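Welcome! Below is a set of short exercises with worked solutions, to be done with the model open beside you. Try each task yourself before reading on.

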Amino acid sequence: MATSDSATLSKAVKQQYMDLPQGDKVQAMYIWIDGTGEGLRCKTKTLDFEPKSINDFPEWNFDGSSTAQSEGSNSDMYLIPVAMFRDPFRKDPNKLVLCEVLKYNRKPAETNLRITCSKIMEMVEDQHPWFGMEQEYTILGTDGHPFGWPSNGFPGPQGPYYCGVGADKAYGRDIVEAHYRACLYAGVEICGTNAEVMPAQWEFQVGPSEGINMGDHLWVARFILHRVCEDFGVVASFDPKPISGNWNGAGCHTNFSTKEMREDGGLKAIEDSIEKLGKRHSYHIRAYDPKGGLDNARRLTGHHETSNIHEFSAGVANRGASIRIPRNVGQDKKGYFEDRRPSANCDPYGVTEALIRTCLLSEEGEEPADY
């Protein structure tokens, strides 16, 4: 399997330098979403003090013509710090800083979905919307071949790999463990992980996170995964159908609830939300992957634990439905529901905003309302 040349560099030699004292300076890694709506970029600034809140970070800028976000003749884009995390790679007191991107005229970049999502979340903060997102991904070599797969063939059929244990069932667990611990160190609200149905496919879960925190924490968890994989010389892919044929795709199932849904008798509010979602299926499909549904069309076929992209369905404990009500929620008459349609490469800001618009703001039609 092909791994990157960088992975062969001596980590012991690097550590000699990482162990050097850094005085009273702090390294802040600024992170942002690029023009694809999927890729992440980063660069580092030295600060003269340790920031205690997000307001302590200065704005910065970057060349948007190199990230598919502007033209070369007017390329400066603004980085606006919005969320701070501990840096698990450089360790304390250094920081990771998630940023929004603004254009030269201070208007949001096309892939800055956070700014609208944040406004929508503020409108419903009294309902305390909670989200939990299940991020599936596939570990690939630098040649695009799944990690651990035979170079000229396929592993055995699906069945033994989901939550599997053993060298012939779990492919790449070191990466999963490193990522999990790095997220905990950083302060990401990661709540679990497991091996998935396809070999070399894994999942981690983030949540429950309230409001805008869902998107912030999932994007930073993705960044940390990319950096961990970089150290190991492999690639994390969020492609919703990385291998064609009789292999499971990769989604980002999104669990959602409000205070009303979590209280006694909350099943009524859950059922009301599902009814609203059923009348707005195509709007959500467009919001659930960065290509307006084209990526998900390869995954949502009605097979491999998915619903059909053209049809809306819901059911208790049904993993072939658009919306699943967990069995215990059906029994307890309260809790949450799971939207199984978002793709692995979705923008969590777009997904969570769409759920709020339809379920809580009762929007209808094919376009989001302008408030």
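**Exercise 1. Describe the surface and the overall build of the chain.**

Step 1. Begin at the surface: the chain exposes about 16,700 Å², an area found by the Shrake-Rupley method with a 1.4 Å probe, where for residues only the protein chains shown count as cover. Carbon and sulfur atoms supply 50% of that area.

Step 2. A word on the ground rules. This is a predicted model, in which local features need pLDDT of at least 70 and side-chain atom pairs count only at pLDDT 80 or more, while totals for chains, interfaces and linings use all residues. Residues are numbered from 1 along each chain as its sequence is written, and side-chain values use heavy atoms, with hydrogens and water left out.

Step 3. Look at the elements: the chain has ten helices and 13 strands. Here helices (H or I, at least four residues) and strands (E, at least two) are DSSP runs, numbered from the N terminus. The radius of gyration of the chain is 21 Å, close to the 21 Å that the globule rule gives for 371 residues, so the chain is as compact as a globular protein of that length. That radius is taken over C-alpha atoms, and the rule is 2.2 Å times the number of residues to the power 0.38.

Step 4. Add the dimensions: along its principal axes, the C-alpha trace spans about 60 × 50 × 40 Å.

Step 5. Turn to the interior. Of the 371 residues, 51% count as buried (buried is under 20% relative accessible area, exposed over 50%, partly exposed in between, with a 1.4 Å probe and protein chains only). Among contacts (heavy atoms within 4.5 Å) between residues at least 6 apart in sequence, 66% join residues at least 24 apart.

**Exercise 2. Compare the two annotated domains.**

Step 1. Find the spans. In the unreviewed UniProt entry, "domain: GS beta-grasp" covers residues 24-106, and "domain: GS catalytic" covers residues 113-371. UniProt positions are given in the numbering used here, feature names are shortened, and annotations may be inferred rather than shown by experiment.

Step 2. Read off the make-up. Residues 24-106 are 0% helix and 47% strand, whereas residues 113-371 are 34% helix and 17% strand.

Step 3. Check the ends. The end C-alpha atoms are 33 Å apart for residues 24-106 and 15 Å apart for residues 113-371.

**Exercise 3. Find the cis peptide bonds and the positive phi angles listed here.**

Step 1. Recall the background: most residues other than glycine have a negative phi, and most peptide bonds are trans.

Step 2. Go to the loop between β4 (76-86) and β5 (95-102), where P93 lies. The bond from D92 to P93 is cis, with omega near 10°.

Step 3. Move to strand β8 (residues 201-210), which holds P208. A cis bond joins G207 and P208, with omega about -5°.

Step 4. Now the phi angles. A317, in the loop between β11 and β12 (323-325), has a positive phi of about 60° although it is not a glycine. A317 is partly exposed, at 27% relative accessible area.

Step 5. S362, in the segment after α10 (348-359), is not a glycine either, and its phi is positive at about 55°. With a relative accessible area of 41%, S362 is partly exposed.

**Exercise 4. Work out the surroundings of N94, A186 and V316.**

Step 1. N94 sits in the loop between β4 and β5. Is N94 buried or exposed? Its relative accessible area is 0%, so N94 is buried. Beyond its neighbours within four places in sequence, N94 is in contact with Q22, V26, Q27, F85, R86 and D87.

Step 2. A186 belongs to helix α3 (residues 173-186) and is buried, at 4% relative accessibility. Setting aside residues up to four places away in sequence, A186 touches F85, R86, P88 and I224.

Step 3. V316 is part of strand β11 (residues 314-316). At 45% relative accessibility, V316 counts as partly exposed. Which residues does V316 touch, not counting those up to four places away in sequence? They are I325, P326 and R327.

Step 4. Finish with distances between C-alpha atoms. V316 and N328, twelve residues apart along the chain, are separated by 9.2 Å. For N94 and T46, 48 residues apart in sequence, the distance is 9.4 Å.
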